[in-house]
Amino acid sequence: MDLLKYIDNKDISDNIKNISKKIIENKRISKDECKTLYNEAELGLLGMLANFVREQKNGKKTYYNKNIHIEPTNICIYNCKFCSYSKKIGGEGWELNLEQIIEKIKKAPEDITEVHIVGGVHPFRDIYYYSEIIKEIKLITIFLIIKTSKSKSIEIRLFQIYNQLKEVVKKYQPKTIILEQLFFFKNQKTVIRVSQAQGVILLLAAENKINVEYLTPLQIKQTITGYGKADKKAVQKMIKLETGINITQDDQADAVAIGLAWNITH
Ligand code: SF4
């Protein structure tokens, strides 16, 4: 559709027409013009203008993510006209506590890339309450495990690793990636698979200009426990002591250990 022609023919005020044309001509609009659009332009026109700007920036691309939706409460101090959701305290509202929220997130599929939180404006829950929730959520979501299907070919599995790590890099924007220095594996097949996966990580690091460093298993254990031949349980115990986080999954513990060892030594 020719948006300019559409606006010219539309029965709207000259002021709205002129502001809309400025947007289409990629000219900056002032704060007052923004307010005028917000207060006076009809919703359909606003949507068309917003979509025009979006397409200027992103073309015809649309991005999706896989997320979990958490609604901590529907109790709300407001009474927005269009809302059929909010309830007052003492009514039929719900209030999830921190444990219930964490429980829900733990049950979410492992490949989610977003925890989407939305809900009512609870009279007794302030910004500090939500900052605590976010802190706890970050603790459980940052230790991502990427699982690929064993029935798939190696190139597909590497591609899955690449795509999921790309999301992690986008989300956390790391400055450094620490890899375990490959030394000795009893199983030849394992060393080949781990090298292939590390190749994908190196590619991602190069693409995003991320510094790559290496630590040997001995260095990691030595740094964290003081003993280079410590077993996994000892490493997990020290992670808990250092960070307060209880990690019992071996792969997660290995990943946290390498990051922790790097932090301690740098
Ligand atoms: S829940 Fe949101 S939309 Fe509903 S009354 Fe509260 S602020 Fe308004």
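This note goes through the domains, the ligand shell, one helix and three single residues of a predicted model.

1. **Domains.** Start with the overall layout. The domain assignment splits the protein into domain 1 (3-58), domain 2 (67-141) and domain 3 (154-265). The centres of domain 1 and domain 3, taken over C-alpha atoms, are 50 Å apart.

2. **Ligand shell.** Which residues lie around the ligand? They are Cys-76, Tyr-78, Asn-79, Cys-80, Cys-83, Tyr-85, Ser-86, Gly-120 and Val-121. By character, the shell holds six nonpolar residues and three polar ones. Charged residues are absent from the shell.

3. **Helix α7.** This helix covers residues 154-172. Its length can be checked. At 1.5 Å a residue, its 19 residues should span 27 Å. The end C-alpha atoms are 27 Å apart, so the expected span and the model agree.

4. **Gln-173.** Look just past the helix. Gln-173 follows α7, and its phi is positive, near 40°. Gln-173 is not a glycine, yet it has this positive phi. The residue sits in the loop between α7 and β3 (176-180). Is Gln-173 buried or exposed? It is exposed, because 9 other C-beta atoms lie within 10 Å, and a residue with 12 or fewer counts as exposed.

5. **Asn-26.** Here is another positive phi. Asn-26 has a phi near 60°, and it is a residue other than glycine. Where does Asn-26 lie? Its place is the loop between α2 (14-24) and α3 (31-40). Asn-26 has 9 other C-beta atoms within 10 Å, so it is exposed.

6. **Leu-98, setting.** Leu-98 belongs to helix α5 (residues 98-107). Why does Leu-98 count as partly exposed? It has 13 C-beta neighbours inside 10 Å. The exposed class stops at 12, and the buried class begins at 20, so a count in between is partly exposed.

7. **Leu-98, contacts and distance.** Leaving aside residues up to four places away in sequence, Leu-98 touches Ile-133 and Glu-136. Asn-51 is another matter. Leu-98 and Asn-51 are 47 residues apart along the chain. Their C-alpha atoms are separated by 38 Å.

8. **Points to check on the structure.** Find Gln-173 after α7. Then find Asn-26 in the loop between α2 and α3. Trace Leu-98 to Ile-133 and Glu-136. Finish at the ligand, with Cys-76 and Val-121 among the residues around it.

Definitions and conventions
Residues numbered from 1 in each chain as written. Predicted model: local features only at pLDDT ≥ 70, side-chain atom pairs only at ≥ 80, totals over all residues. Near = placed C-beta within 6 Å. Nonpolar A, V, L, I, M, F, W, Y, C, P; charged D, E, K, R; others polar. Domains from an automatic or database assignment. Helix = DSSP H or I, 4+ residues; strand = E, 2+ residues; numbered from the N terminus. Expected span 1.5 Å × (residues − 1). Contact = placed C-beta atoms within 7 Å.
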